[in-house]
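Colleague: Got a minute to walk me through this one?
Modeller: Sure, here it comes.

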Protein chains: 2
Amino acid sequence: MTYQAPVKDMLFCMNELAGIERIATLPGFEDAGIDTAQAVLEECARFTEGVIAPLNAAGDRQPSWWQDGRVTTTPGFADAYRQFGEGGWQGLQHPAEFGGQALPRTISAACAEMLNSANLSFALCAILTDGAIEALLTAGSQALKELYLPRMISGEWTGTMNLTEPQAGSDLALVRTRAEPQRDGTYKVFGTKIFITYGDHDMAQNIVHLVLARLPGAPEGVKGISLFVVPKFLVSADGTLGERNDVQCVSIEHKLGIKASPTAVLQFGDGTAGSIADRSGAGAIGYLVGEENRGLEYMFVMMNAARYAVGLQGIAVAERARQLAAAYARERVQSRPVDGSLPGAAPIVHHPDVQRMLLTMRAQTEGCRALAIAAAAAGDAAHAHPQADVRRREQALYEFLVPLVKGYSTEMSQEVTSLGVQVHGGMGFIEETGAAQHYRDARILTIYEGTTAIQANDLVGRKTVRDGGAVARAFAEEVAAVEAQLRQRDSDAAQAMAQRLAVGREAFLEVVDWVLARFKSDPNAVFAGSVPYLLLTGQLAVGWQLGRSLLAAEDRLAAGDDPAFMRSKITVARFYADHILTRVPGLRDSIVSGSEAIVEMALEDF
Amino acid sequence: MTYQAPVKDMLFCMNELAGIERIATLPGFEDAGIDTAQAVLEECARFTEGVIAPLNAAGDRQPSWWQDGRVTTTPGFADAYRQFGEGGWQGLQHPAEFGGQALPRTISAACAEMLNSANLSFALCAILTDGAIEALLTAGSQALKELYLPRMISGEWTGTMNLTEPQAGSDLALVRTRAEPQRDGTYKVFGTKIFITYGDHDMAQNIVHLVLARLPGAPEGVKGISLFVVPKFLVSADGTLGERNDVQCVSIEHKLGIKASPTAVLQFGDGTAGSIADRSGAGAIGYLVGEENRGLEYMFVMMNAARYAVGLQGIAVAERARQLAAAYARERVQSRPVDGSLPGAAPIVHHPDVQRMLLTMRAQTEGCRALAIAAAAAGDAAHAHPQADVRRREQALYEFLVPLVKGYSTEMSQEVTSLGVQVHGGMGFIEETGAAQHYRDARILTIYEGTTAIQANDLVGRKTVRDGGAVARAFAEEVAAVEAQLRQRDSDAAQAMAQRLAVGREAFLEVVDWVLARFKSDPNAVFAGSVPYLLLTGQLAVGWQLGRSLLAAEDRLAAGDDPAFMRSKITVARFYADHILTRVPGLRDSIVSGSEAIVEMALEDF
């Protein structure tokens, strides 16, 4: 077994941190209590461990390949994707109206983590399809929804997000792909899109491309971008597939990691794809989604879902790397314990530095999981709570947490997968071991769906400054409330956590004040500190959830529930307090003092 | 040009930090003043930029390959190695008596950095050959020296270090390879060695393997290991090559990085190599180096040199990654500056977060270079100073600094090469860009020649505790002296550096006291903090040299020398103070409070 889903820890997070039973009181989620959660998670664990995880190494060794405009995926992927669709896993969180399971995100997020742990490359196809479904749900006409959603939710068709162009990466204002209106109400799309995940493949009958493009005479910049559906095969009114559309996969990239997932260059409207070549007038036939020039707004809906999902990818690959390293550390015998407790060489898990590395991996991974599941619960309440003011408050909290889940969990995943290599010593550098694959795969996570700097700018601008720091301060109050509870406990662990949280919270508030005071007058200084601000806030937010986790574990331990597990949760939280939260004051110092040197440097000296 | 050697910064370090003119007063180094240094560095820059650097990407795309027991290197490597030898580069630091240039390490270290920046994989062959030369110089008989050294120093033959076996990595006590004495005074060596860098290749006429093995009846553990020379081809008394020895390369590894450098599994004495097969009695013919059972001691000589060299590799790959990222940041246009200083999208070097990343790369790289060159100067004085007490003092400082140069510079290289990928955004994940190669190549550096934990244990045990903290405290006094000078300056930069150094030094001294107090009574706690202690000490030591660098740059600026360069050096030092030295107090907290959680965790929960 190369992967064992951490079902127990996920259920602990749902019960103790996310309040799954409260979510089950929300309209539409009546069946989503802890029993449902447990049943779904156990079934998902069986499927991902048994079917998906074994394909992970194969996907790295025999990646997707391109020939004559077609992408063939790693042997086994297509069959596994069929099972994924038939099992209902693509539809987990989507509306029952179009064939989904309508489960809360709190549950579907845990399943998504498992799928990603099992196989990051495979899971990407599902993530992109989820994003396309979200965009259609948000802005698609009823006709588009009825035609496309049931087949996407069933896993028969997959989806893509077409944003990036060679000159337009983080800066979508530079998008040049154009769409020309036709007399029949359709559009013809022309342009080149790059970095399109699963832009072509052989795992589904059709691929539904969601494409950003400009209409003739549209305003410049991001306010002139519209969103189109461009299917790989044209779809007739009854849903049967027709001719090949004029969109062609002209190449795929040779990447550092996630090699099984094809990263395509797509050419729209050059008239060479399939049977289109002999038709008069090239152009990929597309259908407008929602209103003209509101494409970026709709795409943000997809992007927020996708950003959260990429955060889960960070947690997922960290979990997988942790399991691999822990197993190796139990097996590999090398050197006598430093305390002389054994007469000869011992498994390296006995050595304090290996223990420090493994605990760093566990604390960071479980901490980010706790934050992600708590954020999902906020998202569910924001979506389904009957009271508008609660929905607003939960939505604001959710939106504050999304850049942290994305930005911090993915940065964390690079630390953890690197430690995974280090625990293996020389064997970690040998590809057959598998630790290196996780390290390579994780490296994309801080880049795609918005780099860490893009997340940080979002945290600074839209999530901190726009409301004058209101949500940021409300978050700090939540942290303070956990501190107060911790201080009432007798244990060293609770006291240590309370103290580190207090120091961290004060540093955070100092930075918030600093950001608010300078945002207008000295934006260079503020944005020079935006990534450290994201890391600081992410560390504090994870500490907040691990503080709650510590309280819950102490209560459950006192009640005699699963003492070994509860003790380990307490220790993990304490480790986090003393090894990760201790980084917060240094980040504060870098932010508030660190801009001078950056601003002073002459441009030519960078 | 894919690499430009940082000659100006290297000469600055030599002049201002290493005191190259004082080194030139030491016996044997009379010709090694700044003019010699400059001439050698400029010639080395031409050679490495023009001949070696262009082979770097090719080595990654078409690595060394193995067939039928022979390794063929990347096209171009063998010819480049010939030029390397003919240019006298292998012999730079070695004695004139055997054909070397006898230059001080202070100069040869800078050349080694260039060679490694140009091509980490290529440079490894030279590093291992250096190590083998050092071991023979230290312990070889006059006959062995005369037979082998001239051809190794000329680059005609290369060397390897054969330590690791499948069950013996960090723990050499577990070495099983055996050597049987023969009547003629030679030995026959039997066993399997793994991870042997350049264990076979086609770049030289002969390969001189230095092999750790046990003699019959030798004591168990590390005290029963002897060192042998085992040449690939037997060498007759006049130095001509004879028969193929019974050592065979049975495979090479498929690695994450440094792919051009073959990492061999060597089989000694199975009777299948070359013409040996038809001889009666297999066994690789070897020659004892020095005395029986003192092999590990001699190997430590090689390892210390090699550890320092691997530290340089960290600096080298960081420098190359920095240059690539800085060039990309000047070219890639994306988004308008946040301060509105330009009307449209600008090269990303204008964005504060990109500037923060590039400055982190520059400050870490130049800081570690400053420390490495200062350490080399201590090594030169330890070697050549006429006064014994000075030699002792400088040797103690050098030995204190080696685990920092190795441990900290290599950990640093992973941060910097990762930032190099991040600056490139999505392009960084595409192999053709080249940033990913540096990231992959760097990943071995914290592992081989002793993992970071091994360096940290050395720093704790041999370098801090053994003398009761004397050298550690002397180092802190050096830092305090720099603080005092900085405090007398008017500039904000000097004041900021003085303050961060003081905080860092106090944290360091607190940790030293903590380590000394607990080393005997609670070794698990001490070793749980050993890597954080190494990082803390490394950060402080680099800050110490950048503090000196800041003082020197202010002086030179006041004198009107090269103002743009001196200003950039001041800014780099200040950036380091506010962005890297700020990490020190958090590490102190993790060390002194962080062991509780590690010790509490049940073994099965890691």
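Modeller: We can take the pairing of the chains, then the interface, then the annotated domains.

Colleague: Is this from experiment or from prediction?
Modeller: This is a predicted model.

Colleague: What turn lays chain B on chain A, and with what RMSD?
Modeller: A turn of 180 degrees does it, with a shift of 0.0 Å along the axis. The RMSD is 0.0 Å. The two copies are thus related as by a two-fold rotation axis.

Colleague: Which surface do the copies meet through?
Modeller: The same one, because 100% of the interface residues of chain B are also interface residues in chain A.

Colleague: How many residues are in contact?
Modeller: On chain B, 85 residues; on chain A, 87.

Colleague: And what area is buried between the chains?
Modeller: About 7,500 Å². Carbon and sulfur atoms give 60% of that.

Colleague: Which residues in chain B lose the most area to chain A?
Modeller: B:Phe429, B:Tyr439 and B:Phe606. Together they make up 11% of what the chain B side buries.

Colleague: Switching to polar terms. How many salt bridges does the rule find across the interface?
Modeller: Four between chain B and chain A. One of the salt bridges joins the side chains of A:Arg574 and B:Glu600, at 3.3 Å from N to O.

Colleague: How many residue pairs are in polar contact there?
Modeller: The rule finds 41 across the interface, counting pairs with both residues at pLDDT 80 or more.

Colleague: Which helix of chain B gives the most to the side that touches chain A?
Modeller: Helix 18, residues 563-579, with eight residues.

Colleague: How do the residues on that side of chain B divide?
Modeller: Into 36 nonpolar, 26 polar and 23 charged.

Colleague: Now domains. What does UniProt list for residues 161-269 of chain A?
Modeller: The unreviewed entry has "Acyl-CoA oxidase/dehydrogenase middle" there. In the model that span is 0% helix and 46% strand. Its end C-alpha atoms lie 17 Å apart.

Colleague: And residues 293-459 of chain A?
Modeller: UniProt gives "Acyl-CoA dehydrogenase/oxidase C-terminal", again from an unreviewed entry. Here the span is 73% helix and 0% strand, with end C-alpha atoms 25 Å apart.

Colleague: What about residues 475-601 of chain A?
Modeller: The UniProt annotation, also unreviewed, reads "Acetyl-CoA dehydrogenase-like C-terminal". That span is 85% helix and 0% strand. The end C-alpha atoms are 35 Å apart.

Technical notes: Residues are numbered from 1 along each chain as its sequence is written. Chains are lettered from A and ligands numbered from 1 in the order in which they are written. This is a predicted model: local features need pLDDT of at least 70, side-chain atom pairs count only at pLDDT 80 or more; totals for chains, interfaces and linings use all residues. Side-chain values use heavy atoms; hydrogens and water are left out. Copies are superposed by least squares on the C-alpha atoms of residues with pLDDT of at least 70 in both. Contact means heavy atoms within 4.5 Å. UniProt positions are given in the numbering used here, feature names are shortened, and annotations may be inferred rather than shown by experiment. Helices (H or I, at least four residues) and strands (E, at least two) are DSSP runs, numbered from the N terminus. Buried area is the accessible area (1.4 Å probe) that two parts lose on being put together, summed over both. A polar contact is a pair of N or O atoms within 3.5 Å; within protein, one must be able to donate a hydrogen and the other to accept it, and residues adjacent in sequence count only if both atoms are side-chain atoms. Ala, Val, Leu, Ile, Met, Phe, Trp, Tyr, Cys and Pro count as nonpolar, Asp, Glu, Lys and Arg as charged, and the others, Gly among them, as polar.
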